[in-house]
Amino acid sequence: MTSSLDEQITVLLIDDQTIIAEAIRRMLASEVDLAFHYCSDPTEALDFAAQCHPTVILQDLVMPQMEGLLLVQFLRSRDATTCFVPLIVLSSKEDPTIKAKAFELGANDYLVKLPDARELIARIRYHSKAYLNFLKRQEAEALFKAEILRQAAYIEQVGKVTTAASDVERDAFQPDVLSEVAKRDDELGQLARVFTHMVKTVKIRETQLIEANHQQEKLLEAYSRFVPNEYLRFLRKKSITEVKLGDHVSKTMAVMFSDIRSFTTLSESMTPKENFAFVNAYLQRVSPEIRNHHGLIVKFLGDGMMAVFPEGADDAISAGINLFRAVEQFNQDRQGEQPIQVGIGIHVGHMMLGMIGEESRMQGDAFSDNVNLTARLEGLTKFYGVSLLLSQQTYENLTAPEQYQLRLLDRAIVKGRSEPLSIYEVLDAEQEAVRSLKLQTQPDFEQGIKLYCQGDAIAAKTSFEKVLAVNAMDKTAQLYLSRVNQLIDQGIPKQWNGVWAFTEK
């Protein structure tokens, strides 16, 4: 076997009919990578195969010199060079009994001659490619075993030498001990010099290996900061070294976008160093809430982040609520500093999560129109003046929606979409004072939305004014009041359904 296998396909035909051989030769003549050999005498087939080294054998089952199935046995015998060469038997007719016997004896394929040229070539290529790959694997395994044996022999020899000297065994060997012996010109001196040099070399190598292992551990620890272990587990990879460009998982998941409100204005009062310190302090505080609820942080987006929750909406909402609690604590710890507010959007849909980029630079990301929709939802938190928004799909995927304090905000069409989307606010994510006022006014708020959707602008106005009389800071109620005033002034459009279409992100 050569060290580098050729991709040339070599076909050996064993058939007593030269007219068949000529027909097959013509079928293969135009294929430049196919070399054709012909043996008319089955008794010479093994010797012929030993000379031409076929990658596939075509064998007739009916020949006067030898019974075809007997030749199959010979070609498949353990000591034959053709033992593993793919064998396609040729028969003049479709005979299930003969076909079954041929397969039982080791044939790989069965064709009724003469087959269509395209089919014959396709089968030749298929079996030859498999055989060539088999040979390559054998060669690689042989090289691997040889290397293992070589290393084992080296380790064994080193072990014999080092264990022969008690000082080396006790790690107390001093080169000066053999310095006088090493000055000798005989074999003993040569042995002393070689022994001393060997021990020094082994010690240096041992130190290098320890340092290399230490460095490898540090590298793996560093890699885990860029591709976390939970991300690897999600991609079904044991180590960062197994991750390849394009690895991904496609499934229905909950996706979350979060962002600090008015961060640009806040950052303008900071130096670049202070900006980095602030963002990192914030992310260190809130990121654990994602992991604590079985989420994966796909990427950080400056002052925000994108995360997915493979197990669904309940994990995402629990993480969102606890993220807000972490922000409240973060603000308390920054007493005297301007408190921050965070907006979160959550949506559930099918998406692909995996590795993108190029071979020399990869990163995790998620792809789907549902990802874009979630980003739009997060942006709408500013528009409605709320903290946490859910889509209708998220609401429908909750195990028990009644355990959360939810408020239906709107039916809207976000930019880039054509279908209306029901949007819910999670009041659990609000501060206690804000949540209390919104719960107190929720009946009037819901009545106002109902009347608004029905086109009863005047009655809807009364409901929203009641809300604002109790909670003047309810921005969503302010928006609806503006809308109904516009409807009163301009009239109710035809085919009114209460859906609001956004023209901006």
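This passage describes salt bridges and one pocket in a predicted model.

The structure contains 22 salt bridges. One of them joins arginine 125 to aspartate 33, with 2.6 Å between the closest N and O atoms. This pair connects distant parts of the chain, as the two residues are 92 residues apart. Arginine 125 belongs to helix H5, which covers residues 117–164, whereas aspartate 33 is found in the loop between helix H1 (18–28) and strand S2 (34–39). With a relative accessibility of 24%, arginine 125 is classed as partly exposed, because buried residues must fall under 20% and exposed ones over 50%. Aspartate 33, at 22% relative accessibility, likewise counts as partly exposed.

A further salt bridge is formed by the side chains of glutamate 180 and lysine 183, at an N to O distance of 3.3 Å. Both partners, glutamate 180 and lysine 183, are exposed.

A salt bridge with buried partners is found between the side chains of glutamate 425 and lysine 438, where N and O are 2.6 Å apart. Glutamate 425 is part of strand S15 (residues 421–426) and lysine 438 is part of helix H15 (residues 432–440), so the contact ties together parts of the chain that are 13 residues apart in sequence. The relative accessibility of glutamate 425 is 0%, and this residue is therefore counted as buried. Lysine 438 has a relative accessible area of 4%; this value is under 20%, so lysine 438 is buried as well. The pair also takes part in a network, in which salt bridges with shared partners join Arg407, Glu425, Glu430, Lys438 and Asp474.

Attention now turns to the second largest pocket, which holds about 630 Å³ of space. Its lining comprises 25 residues. Nearest the centre of the pocket lie Gln341, Ser387, Glu430, Gln431 and Val434. Glu430 thus appears both in the salt-bridge network and among the residues nearest the pocket centre. Helix H12 (313–333), H15 and helix H18 (475–490) are the elements that each supply two or more residues to this lining. The largest contribution comes from H12, which gives four residues. H15, which supplies part of the lining, is also the helix that holds lysine 438. By chemical class, the lining of the second largest pocket consists of ten nonpolar, eight polar and seven charged residues.

Methods: Residues numbered from 1 in each chain as written. Predicted model: local features only at pLDDT ≥ 70, side-chain atom pairs only at ≥ 80, totals over all residues. Heavy atoms only, no water. Salt bridge = Lys/Arg side-chain N within 4 Å of Asp/Glu carboxyl O. Buried < 20%, exposed > 50% of the residue type's maximum accessible area, 1.4 Å probe, protein only. 1 Å grid on protein atoms, 1.4 Å probe; cavity = no way out; pocket = protein on both sides within 12 Å on 5 of 7 lines; lining within 4 Å. Points joined across faces, edges and corners; volume = space filled by probe spheres on them. Nonpolar A, V, L, I, M, F, W, Y, C, P; charged D, E, K, R; others polar.
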